[in-house]
Structure formats: structure tokens, C-alpha cells
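Student: I'd like a close look at the loop backbone of one chain, please. Could you go through the peptide bonds and phi angles there, and spell out your cut-offs as you go?

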Amino acid sequence: MSFQESRRRFLYQNLVGVGGIALMELLHRDLSAAGPANEKPLAPKPPHHTPKAKSCIFLSMLGGVAQMDTFDPKPALKKFDGMPMDWSKHKKTDQPALFAKPRHLVASPFNFSKQGKCGMDVSDLLPNLSSCVDDMAFVRSVQADNGNHPAAVFQMNTGFIMPGNPSLGAWLSYGLGTVNQNLPAYVALPDFRSIPFSGSQQWGSGFLPASYQGTVLRWKGDPIRDLASPPDVTPETREQQRELLRALNQEYLQKHFTNPDLQARIDAYELSYRMQAEVPGVLSIDRESPSTKEMYGLGDPVTESFGKRCLMARKLVESGVRYVQIYTPSQSWDAHIDVRKNHLKNAQETDKPIAALIMDLKQRGLLESTLLVWMGEFGRTPDTPADQKTKGRDHNPGAMTIWFAGGGVKAGVVVGATDELGLKAVEDVYHIRDVHATILHLMGLNDMRLTYYHAGRNRRLTDTGGKLIHQVVG
Amino acid sequence: MLRLGFVAVLIFLGNSAAAAEENAAVFQKRLHPILHTHCFSCHGTTSPQSNLSVSSLEGLLRGGKHGPALTPGSSQKSLLMAYLRGERSPKMPLGGSLPDTVIQELAEAIDTMAPISVPDVPGDGHLEWLLHRPKAPGVPAVSKVSWVRNPIDAFILAKLDAKNMTPAPAADPRALIRRVYFDLIGLPPSPEEVSTFVNDRDPAAYAKLVDKLLADARYGERWGRHWLDLVRFAESDGFAIDSERPTAWRYRDYVIRAFNQDKPYDLFIKEQLAGDEMKDKRGADKDSAERLIALGFLRMATWEADATSRQQLRQDFLNEITGTTASVFLGLTAGCAQCHDHKYDPIPQRDFYRLQAFFAATALDERPVPYLDVENPKVLKQRCRQHEDEVEQANTELETRKEALKQRFVELKNLKPEDPAVAEFMRELNVANVFFQEREDSIFKEPVWKSYLEAKDNLRRLSELGKRYQPVAVAVKEVVPPDVPALPDTYLLVSGELESKGEKTEPGFLECVIGKTEPAKIPFVGSSSGRRLALAEWIASAENPLTARVMVNRIWQHHFGEGLVRTPSDFGKNGARPSHPELLDWLATEFIDQKWSIKAMHRLMLTSNAYQQATAHPEWKSYTESDPNNELLWRMNWMRLDGESLRDSVLALAGRLNPASGGPGALLETPVDVAEGFEFFKWFPSEEPEQRRRTVYTFQRRSVVNPMLEVFDVANMNVSCSRRNLTTVTPQALTLMNGELVQRESRYLAERLMREAGPQPDQQIDRAFLVALGRPPSESEKGESMKLLKKLPAPEGLAHLSVVLFNLNEFLYLE
């Protein structure tokens with residue numbers, strides 16, 4: 001065993017935890033030795049405790065979904081429909097402009113009914129998801145800090161409202177590595193009709209090394225940028241180029257064997273060839289049965305974008321990818337003008353594919369080891385500006401409903417409650433950082449111990465720590 | 001034996017460090033919320049009466065005038081509990097008492113802590129060293145005087161001598177010229193420059209080469225980029241709207257010029273912090289214009305233009321500039337003291353707000369600043385006029401198409417033109433497209449709609465372009481009486497929260513540096529608060545113990561790959577210890593003696609034998625065991641080309657690098673998944689020749705990072721970057737093998753090789769290696785390369801060979 005190996009083994013065995021290692025690196029910079037580039041940053045790492053889930057699929061409902069039109073029925077809104085909303089008790093808003101004008105309460109345009117054995121209330125907006133409620137765990141009392149899209153999307157992904165911090169997927173890749181070294185650990189699947197605010201920063205690694213950043217896979221054309229050889233390079237030429245590159249790099253390595261980075265870079269090329277061979281196969285949907293394709297809504301232009309990406313997510317998770325995040329178009333659920341029309345459109349695009357994803361994972365025995373998280377950046381208000389012709393709902397960081405499925409969560413539970421109007425979470429209130437802490441926990445990581453030393457202190461996804469949503473964890 | 005001792009140290013530190021982490025976690029989760037609610041109004045920062053701060057675990061452990069307030073693991077022994085229970089007087093909180101349940105919770109939390117004290121490395125004297133002005137240490141005596149070219153070598157060799165180690169042999173001249181070219185100008189030498197240097201018998205040949213490169217205008221483009229990393233240079237606001245800062249390039253050019261002119265570093269600091277407040281002795285307009293442009297430094301932070309709270313936005317700006325100023329110039333993480341006293345360094349929270357008070361009267365301002373002669377005013381003015389004309393035409397065109405759209409709408413809906421629905425439709429055109437998402441209307445499928453959008457885009461493109469040529473500087477101004485009733489007050493913010501105003505603070509320098517707690521006294525003399533200038537003069541002073549050390553360390557870091565302090569923006573207790581403190585001090589005093597000349601520092605470092613060492617060492621095996629990170633510098637560190645040098649070199653070798661310097665940045669052609677889908681702006685690539693400019697001249701939009709540069713670890717534009725990551729990841733291989741840049745430029749390189757080497761494949765191969773690597777191929781390399789050319793003759797075969805050369809380790813790594 002070389003000195004470096006023994007050192008690493010020692011650290012892993014004795015400190016079992018990434019935070020510990022980061023701290024050791026700090027205390028003993030001289031030990032980081034033969035260059036971090038030489039270590040495989042994405043090699044699987046031991047978790048802090050036995051994980052319930054091996055992979056996570058995060059379904060981001062950009063724009064913010066109205067809780068009172070989906071999973072949190074508010075009969076009072078029907079009763080008070082059209083009545084002026086009294087904001088006097090809620091003066092402390094971060095969006096004064098939104099609430100400057102008189103506002104009216106708005107009843108949900110959708111009807112709720114009890115679903116599944118657990119009797120969960122779901123509106124008729126989501127007929128397909130209604131049949132999956134016994135596999136889901138709902139939290140009706142999640143709060144965000146900011147009612148502004150860009151800041152709130154950052155918070156959903158990185159825990160902070162300012163840019164520059166690592167995203168959840170980057171923290172997971174950093175903390176756990178990944179089992180399939182031929183595929184990225186962290187895949188982002190945005191909708192190219194409209195990508196999230198700040199683009200790649202949403203799946204960036206922030207101050208973590210770039211190895212942990214998300215890789216965007218596209219659902220049309222080449223899935224990974226520059227994955228395929230250029231069309232005018234024949235396979236024979238490409239093979240010759242690779243041979244020549246290998247030969248020249250080997251000759252150089254022999255002269256300069258003291259530089260470990262050279263070998264790491266040779267390895268990266270070998271991996272790129274394997275990825276070229278493996279990724280198209282993993283993502284190929286040709287082998288999927290017609291019924292699977294139908295189930296995800298492929299072939300229907302309404303569901304195709306989200307459906308294809310849900311199917312990709314299943315296939316990636318099946319192949320060992322650690323974290324996949326799917327996005328609806330930027331601000332898609334942002335129903336200021338007409339909540340009925342807007343939510344109907346977005347539900348039609350996502351309801352069937354998401355239900356298919358749950359059922360498909362289940363039938364393949366993957367649901368237990370795959371954690372699904374569904375949420376937007378905030379919830380929506382129970383009211384609309386009085387002078388508006390159509391009825392919409394505005395941003396509301398005070399309450400949103402999110403749900404988990406699979407990954408060992410306690411299925412069929414409903415956690416927390418909002419007030420009579422659905423304006424504010426009042427019971428078992430949880431913050432976004434608590435959602436993050438819970439996800440990390442289910443994946444085998446302790447949010448307080450998952451640290452990275454940066455700019456003077458140990459940083460965390462949850463900053464000074466979140467609390468577990470214990471009702472969901474079980 | 002040595003290794004055993006080492007492991008023992010690890011175990012000891014490992015456990016106590018892990019325990020300290022756990023204690024910190026307990027503090028954050030269980031103690032902090034209670035203390036925050038009940039104690040912070042007096043003890044949120046070091047309280048003047050008791051000298052106790054309870055805002056951090058360290059504060060409690062350090063304690064106040066009665067000793068440590070907390071004994072981890074024992075609530076019984078903790079002074080804090082004695083005061084809360086009223087066992088000691090006065091009972092806390094003053095004039096009240098906490099509910100028993102709360103006291104019980106605190107006690108339980110303390111009892112669960114691991115019984116260890118402060119994880120303080122006792123008495124390593126680091127802060128004493130750091131916070132005192134460096135004195136030039138004597139140059140040490142060494143074993144091998146012949147190796148000492150200048151005092152740097154003596155300091156390096158003395159440390160090696162002490163460990164019985166020897167420096168590496170001198171680098172091969174070919175390796176050396178490549179190293180110094182990339183180091184100083186970020187581009188490779190031509191084959192002719194290599195052979196001239198290698199064959200030059202003049203002992204001063206290398207020194208002359210260094211001088212030549214320092215005088216090369218491309219030096220500023222390379223070294224300016226290092227500074228731009230630090231100041232988080234970008235040409236847009238960031239966040240969702242990510243508005244352009246159309247003339248931010250003037251600051252970028254200012255930085256490049258400053259390096260090329262060897263502007264004294266003290267002046268460079270003052271101009272960037274207080275260019276508007278400097279008294280202009282010569283009174284020349286040129287200087288005052290230059291200094292206003294320099295203020296761009298204060299404007300480089302992100303800016304959430306649509307933030308819901310303007311007050312918070314202002315506070316974010318102030319926090320950012322306070323933290324960045326401290327880390328860039330002083331190498332201190334003062335930003336950590338925004339919410340509580342610094343947990344490691346002696347920076348009380350009060351000092352953070354004192355520093356912030358220097359910026360209290362500073363407001364953002366787009367200032368009209370005439371073009372400088374060096375900025376090529378003739379061309380800029382001409383472009384400015386040209387774009388104005390174009391914008392006018394585009395506007396007319398848009399109106400025409402809008403009218404066509406209106407007509408079609410009227411037809412389609414069978415309406416009268418004066419119907420209110422028509423006006424409503426036209427009004428909504430100006431609203432962000434998102435509102436249209438919710439409307440499904442057949443008009444959006446009509447050709448008139450597409451043609452309208454095209455005209456709108458064209459107008460948008462041209463007006464954006466035009467704004468980049470306006471004689472405006474992205475700068476700041478002072479807002480002072482009589483325009484406002486008084487200079488704004490600065491308050492300490494408890495926990496950093498805007499709603500929790502604490503004591504009022506005056507501008508003041510860091511007490512740990514000046515050794516006293518009084519605020520700075522800056523008389524207000526009118527027109528400007530004079531505060532930023534006072535701060536700049538304090539920073540840019542020979543008396544300041546930090547400024548010169550931090551900067552010479554940054555210069556060293558870029559020459560040697562690592563700084564003498566390896567955490568270049570954190571010299572504090574939590575940062576790395578200097579490997580050669582005496583050398584750092586010697587360089588710092590030399591820097592000041594040389595009138596803060598950066599180029600003088602380059603000359604010193606580059607002409608040292610330490611820099612000219614090879615990367616290999618005959619004793620590498622045993623040396624790697626004892627000094628795996630090469631802290632003693634027993635060999636030269638390997639370097640890898642950064643993203644900019646890589647892209648620039650590919651273009652340069654293909655003979656296609658556009659050498660134009662300065663002016664508005666070029667927008668690179670960017671894949672749609674990166675450049676499209678934004679709501680508030682569109683990415684319009686510049687004309688082709690513009691796109692072949694050096695990377696430092698490419699447009700830096702925060703939301704659109706060039707994917708090739710991104711995978712090669714370019715600086716994150718949102719925060720100050722003092723040291724780039726160095727990752728080796730698969731997408732790097734993909735982009736260099738299959739990406740557009742290398743594929744395209746390889747064809748041009750092939751053409752160049754054919755022009756220069758003629759039709760013979762073996763001569764083409766010779767030339768290819770000389771151009772790309774600065775050396776001829778070996779026999780076996782030639783044989784292997786020939787296989788590719790035999791199959792596919794030039795130009796295809798040569799282009800394929802060029803792709804391979806761009807992918808070689810030897811191309812990317814510098815010996």
C-alpha cells in the first residue's frame with residue numbers, strides 16, 4: 001500500500017465522513033499531497049449512516065404551484081370567494097408591490113376528492129397522480145425565505161438565495177460519489193423551451209470542485225455536449241487518433257512519471273470513450289416497450305418533453321446515476337393571470353409522466369431505493385388583484401405543499417397544515433433547509449457533517465443545520 | 001518511526017477536530033437560537049463591560065473578563081449557567097430571568113458536548129507575525145552559494161539545507177521558454193523564438209527574454225486576467241434579469257493597462273477604491289477620467305435588479321464590497337464577521353461595520369467619462385454614431401412590422417381597427433412574453449408574428465451593441481450634504497439582519513491591525529466624504545502589515561503555481577501558514593522599496609534559480625515522502641494551461657488569433673442550451689473575426705458561461721476567485737476531441753503547416769511538433785504520426801494530427 005493510499009484509507013476509516021476529511025485537509029494541507037486531481041473525486045464514498053435511498057429524482061415545478069388547487073383543499077375559499085382579502089395581519093411581506101392594490105379571495109377552480117387508501121385530498125387537476133397517493137408523503141407546511149423567483153429557485157437548489165453556492169446534487173455527488181463511473185453522478189434535465197434563471201448556475205458546483213457539477217443531458221439530439229465524434233471523422237480515423245494520442249501520451253508519461261496528473265488525464269480520455277459507448281445505450285428508448293412509451297406520454301406533444309425526461313431519469317437511476325433533476329420550463333406554473341388555465345396546461349404536461357415514473361420505478365423494484373421529491377420554489381396566494389379580469393394567484397413563500405415518494409419515506413402521510421385560507425403554514429412548519437436536511441438524511445448523509453471548507457469556514461447545504469421532517473422519515 | 005509519529009498526530013487531531021465540529025453543531029442547533037433571542041442585544045458582539053461575546057462557540061470558550069463562559073460537557077462548571085441561574089451576580093439577562101425550561105435546555109445541550117476546549121493551536125505566533133509590519137530579514141547563509149542568483153534563492157536554499165535537501169537541476173531551455181511565455185503572456189513561443197533562445201550563448205539571454213515579455217502588451221492581457229478573477233469581473237448584474245453593464249469593459253481595459261504600465265500597486269489600490277476622491281496633483285483630465293473608470297472595482301458585485309426590498313439590496317451591496325475589499329487587498333476573511341464576531345481571527349463584528357461605514361456615502365453611478373486617448377476614441381465615437389443610425393433604422397422597421405401585425409390581428413379577429421381589443425393586444429406586446437404563455441391565439445402562428453419578433457430582436461441587438469460604445473463608466477459617486485441632510489449612519493446589524501440594528505458605528509480600521517479600538521476620524525470637508533480615500537490610504541500604506549505581503553504572495557502564486565501562503569485570500573488563523581515567512585517578508589519589504597512595482601517583483605522571481613528549476617528531481621521519491629506538496633520548492637511545480645490560455649493558444653497556433661486589444665467584448669457563439677431560453681435578454685454572437693479575439697476580451701455575462709471554458713475551471717464570476725480549481729474531468733476530453741473550436745482550428749493549423757512545411761509529410765510532421773510543442777518529434781513519435789498521414793493525406797490527415805496535438809498532455813501541461 002502506498003503512503004497516499006494508506007493515508008486515504010486511514011482517513012475514511014477513522015473519520016467516516018466528508019466533513020472530517022475536509023477538515024483534515026485544512027489542518028494538514030501538506031497532506032493533500034500528490035494532488036487531488038489524482039484521486040477519483042466521484043468514486044463511491046461511505047455514507048454517514050445506512051441510507052434509505054441510493055438515488056434521488058427531484059421534480060422541479062418552476063414558477064411555484066398553488067397548494068390550494070392541488071393538494072391542500074381550502075373550502076373556506078369557496079365560501080369567501082370574491083370577498084376582499086384582509087392583509088392587515090400580514091404586513092410583513094417582501095413583495096409590497098404585489099399587494100399594494102385591493103385583492104379578492106379566489107375559490108379553487110378545481111374539485112377535490114379523497115384518493116387512495118390513505119384518503120389524501122387531491123384535486124381533479126391531477127387525475128394520474130391521484131392513483132399514486134399511497135406511495136407518496138405530503139408536507140403541506142413548507143416555507144421559503146423569498147417571494148422572488150430567482151432568489152427562490154436558488155434557495156430550492158442551493159439552500160441560499162444568493163448565487164455562488166453548490167446545488168443539492170453537487171453536495172450529494174461530493175458526499176457520496178457515484179457507483180457508475182461511466183456516467184455522470186449528477187444529471188440536470190431542463191426544458192429548453194425556457195431554462196431556469198441563471199442557467200447552469202442552478203446545477204453548478206459553486207465553490208465545490210467542478211467535478212461535482214451537474215451534467216445537462218438533452219432529450220433531443222446528442223444527450224451530452226460533444227459526446228459524439230464529428231460527422232466527418234470516420235470511426236477508423238477516430239480509432240487511429242486515439243491510438244496516436246495514447247502512444248504519444250504514454251511516451252510523455254514515461255519521461256515524466258513523477259506527475260500523477262498526467263495519468264489522471266489519460267484516464268479521463270479512456271472514460272470519455274466508454275461514455276461514448278455507454279451513454280447512447282443507456283438513454284436509448286428504442287428498447288422500451290410501446291406500453292412504457294405510452295405510459296410516459298411519449299408521442300403526445302403535450303407530454304413528450306416532460307415524459308421523455310422522466311423516462312430518461314428512470315433509465316439513469318437504473319444505471320446508477322446518483323441524482324437527477326427535472327425542470328418544467330422557467331416560471332411555467334407562475335399563474336398570475338389565470339390560475340385555471342395555467343395550472344391545467346402545466347398539469348397536463350406533467351401529471352401523466354410523473355405518475356408513470358412512480359409506477360414504472362415501482363414495477364421494477366426501484367422505488368424503494370429511489371427518492372422522488374416534487375416541489376416548486378414557493379406556493380401561491382389565496383387571492384388575486386381585485387382589478388384583474390381573470391383570476392390568478394401570486395407568489396407565496398409562506399406556504400407550499402411538497403411531496404416525497406419512494407426512497408424509504410413513510411408513504412401515505414400528510415404532514416403539517418396551513419391556515420384556513422392556505423396563506424401560511426401554521427402547523428409543523430418546515431423550511432426549505434429542513435427539506436434539504438431530510439433529503440440528505442434519506443440518502444445517508446448528515447447535513448451537519450456534510451461540510452466543505454471555503455472562504456474562512458466550513459460550509460453546508462443547510463448552513464447552520466436543518467431539522468428532519470421526522471413524520472416523513474419514519 | 002517518522003510515519004508512526006505522524007499517524008499518532010493525525011489521530012489526536014482527527015478526534016479532537018471531529019469533536020470540535022460536533023460541539024459547534026450543538027452550539028448552532030441548541031444554544032445559538034436561545035442566546036440569540038435573549039442575550040444578543042448586549043453580547044451579540046464583544047460587550048464593552050464584560051468583554052464577552054456569546055455569538056459563537058469560540059466567543060463563549062474565550063469568555064470575558066471573568067474567564068471562559070462555557071465548559072463543554074459540564075453545565076455545572078459553566079460560568080454562563082451560573083449567571084443565568086443567578087448563582088453569580090448580576091443575574092442574566094439583566095433585569096430579568098429565563099424560564100426554567102429554557103435554562104434546562106441550555107444545560108442539557110452543554111452536557112452533551114464533548115469535553116474538549118478550544119481547538120486552538122497554542123502559541124504558533126501566526127497572528128503576531130501577521131499583524132506586525134514586516135521587517136526585511138537578513139538573507140540567510142547557505143551551503144551552495146553558486147546556486148544563489150538573488151536573495152530568493154538564499155531563502156529557498158536555506159530551508160532545503162535544513163532538511164538536507166538539494167534543489168532540482170535547471171530546467172531544459174525549451175521547457176523554460178515555454179514556461180515563461182505562458183506565465184507572462186499566456187501564449188506559446190513560436191518555433192523560431194524557441195530556437196533563437198535555445199541557441200543563444202549570452203548568459204543574459206534569459207533575463208533579456210523576461211524583459212522582452214514584460215514589455216509585451218500581451219503581458220497585461222495575461223496578468224490583468226488574474227486581477228479580474230479577484231475582483232469577480234463580469235459585464236452583467238447576475239440574477240434573473242442579468243442586465244448588461246455595457247461599458248464594464250472600460251474597467252477591464254483599465255486593469256490591463258495598469259499591468260502593462262507597471263502602475264505602482266499602491267496607486268492601483270487607491271484608484272480602484274477612491275479614484276473619485278483622489279486629489280489630482282497634476283490636474284490632468286486624462287488622470288481623472290482614468291480614475292473614474294478604475295472605480296469599476298466597486299461595481300463588480302452581483303445586483304438583483306428586481307429585488308423586492310431595495311433596502312436589503314443596498315445592504316447586500318455594502319456587505320459584499322466590505323468583504324471583498326478585505327479579502328482582495330488584506331487577505332482577511334472579514335466577511336465572516338458580518339453576523340457575529342469572527343470565529344477565528346480577532347475581528348469583532350463591530351469592525352465589519354466600521355469597515356462598511358467607509359462606503360456609507362457611496363452610491364452606484366453610471367458616470368459620463370470621455371474616452372481616453374488610449375481607448376481609441378476615434379473608432380469608438382464612429383461606432384457609437386453608426387449604431388445610433390442603425391438603431392433608428394431598426395426602430396422604423398419594427399414600427400412597420402408592428403403595424404402589419406396589427407392589421408393582421410384586425411383581419412383575423414374581424415374587428416374594427418378602433419376596437420379596444422386591438423389596443424389591448426398592442427399594449428400587451430410590450431409586456432414580458434410570459435403573459436403570452438397563457439394565451440393561445442392563432443395570431444402567434446402567423447408569419448407576421450415571426451417577422452415582428454425578428455425585428456424586435458434586431459432592434460434589441462443593435463441597441464445593446466450601441467450602449468457598449470457610450471462614453472460612460474460603470475462607477476460610483478458620493479452622496480453627501482447638501483444633497484442629503486447628513487452622511488448616512490452605519491449600524492451594527494445583530495446577526496447581520498437589517499431589522500436588528502445594534503450600535504451605531506463610525507468608519508474605523510481593523511483594531512487587530514492598528515492596535516486600538518478608536519474609530520478613524522475623517523473630517524467631512526464637503527463634496528465627498530473622504531472616507532474611501534482614507535480607507536485606501538490606510539490599505540495602500542507601507543505601514544499596513546498585510547497589503548504588500550498579500551500582493552507579493554499573489555504574484556508568487558501565479559509564477560510558482562502555489563503561493564508561499566497557499567490560501568491567498570485568507571492569511572488569518574484558519575488559512576495556511578506561510579511556507580517561507582522570511583522570504584515573504586523580504587519580498588514584501590522589497591516590493592515597498594521598489595515603489596510597489598509589480599514588474600520589479602516579476603523580474604526578481606523569474607530570474608531566481610528557484611523559478612528556473614526543472615519539474616523533475618533525482619531524489620523525487622524520498623522528497624515526495626517528506627514534502628509531498630513541494631512546499632519547500634525542491635523542484636518547480638507542474639502547471640496546466642488555464643481555459644483562457646488553452647483557447648488562445650489553439651487560435652494562435654492556427655494562425656487565427658485576432659490580436660485586437662481593448663474595447664467592448666466579443667460574444668462567442670455558444671450552444672443553445674447555454675445561450676437560449678432566457679427571458680430578459682438574448683445572446684447575440686459577435687461577428688466572426690471578433691470571436692477570434694483573446695479570451696480576456698470575450699463578453700462576460702454571468703448567466704452565459706462558455707461551456708468549454710467552464711469545464712476548464714474558469715473563475716466563477718459571482719465571487720472573488722483567488723485560486724482556480726484544477727479539475728481533470730471527462731467533459732474536458734470531449735470538448736477537446738469533438739468540440740467545435742478544436743475541430744475547426746485544426747483545419748486551419750493543417751493549412752498553416754502545409755504552407756510552412758511544403759508537401760512532404762515528414763516535414764509537415766516536424767513542423768507540427770515544432771509549432772505545437774516547441775520541439776521536433778522523436779523517431780517513434782514521427783513513425784506513429786506518419787500512420788495517420790499515410791491513411792489520409794494532407795490536409796485531412798494533418799488536421800486529424802492537429803486534433804491529437806491539441807489533446808496531448810504535453811500541450812496542456814507546462815514542465
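Tutor: Happy to! Helices (H or I, at least four residues) and strands (E, at least two) are DSSP runs, numbered from the N terminus. The model is predicted, and it needs pLDDT of at least 70 for local features and 80 or more for side-chain atom pairs, while totals for chains, interfaces and linings use all residues. Residues count from 1 along each chain as its sequence is written, with chains lettered from A and ligands numbered from 1 in the order in which they are written.

As background, most peptide bonds are trans, and most residues other than glycine have a negative phi. Chain B has some exceptions to look at. From Met92(B) to Pro93(B) the peptide bond is cis, with omega near -10 degrees; Pro93(B) sits in the loop that links helix H3 (79-84) to helix H4 (100-112). Another cis bond joins Pro481(B) to Pro482(B), with omega near 10 degrees. Pro482(B) belongs to the loop between strand E2 (472-478) and strand E3 (490-493) of chain B.

Now for phi. Lys595(B) is not a glycine, yet its phi is positive, about 55 degrees. This lysine lies in the loop between helix H23 (581-593) and helix H24 (598-606) of chain B. Burial goes by C-beta atoms placed from the backbone: a residue with 20 or more others within 10 Å is buried, one with 12 or fewer is exposed, and those in between are partly exposed. Lys595(B) has 12 such neighbours, so it counts as exposed.

Leu633(B), also not a glycine, has a positive phi of about 60 degrees. Its loop runs between H25 and strand E5 (639-640) of chain B. Leu633(B) is buried, with 28 other C-beta atoms within 10 Å.

What packs in the surroundings of the Lys595(B) loop? Val552(B) is in contact (C-beta atoms, placed from the backbone, within 7 Å) with Leu584(B), Leu587(B), Ala588(B), Phe591(B) and Met601(B), leaving aside neighbours within four places in sequence. Val552(B) and Phe591(B) are also among the residues with the most contacts inside the largest nonpolar core, which has 175 residues. Such a core is a set of buried Ala, Val, Leu, Ile, Met, Phe, Trp, Tyr and Cys residues joined through C-beta atoms within 7 Å.

Notes. Two residues are in contact if their C-beta atoms, placed from the backbone, lie within 7 Å.
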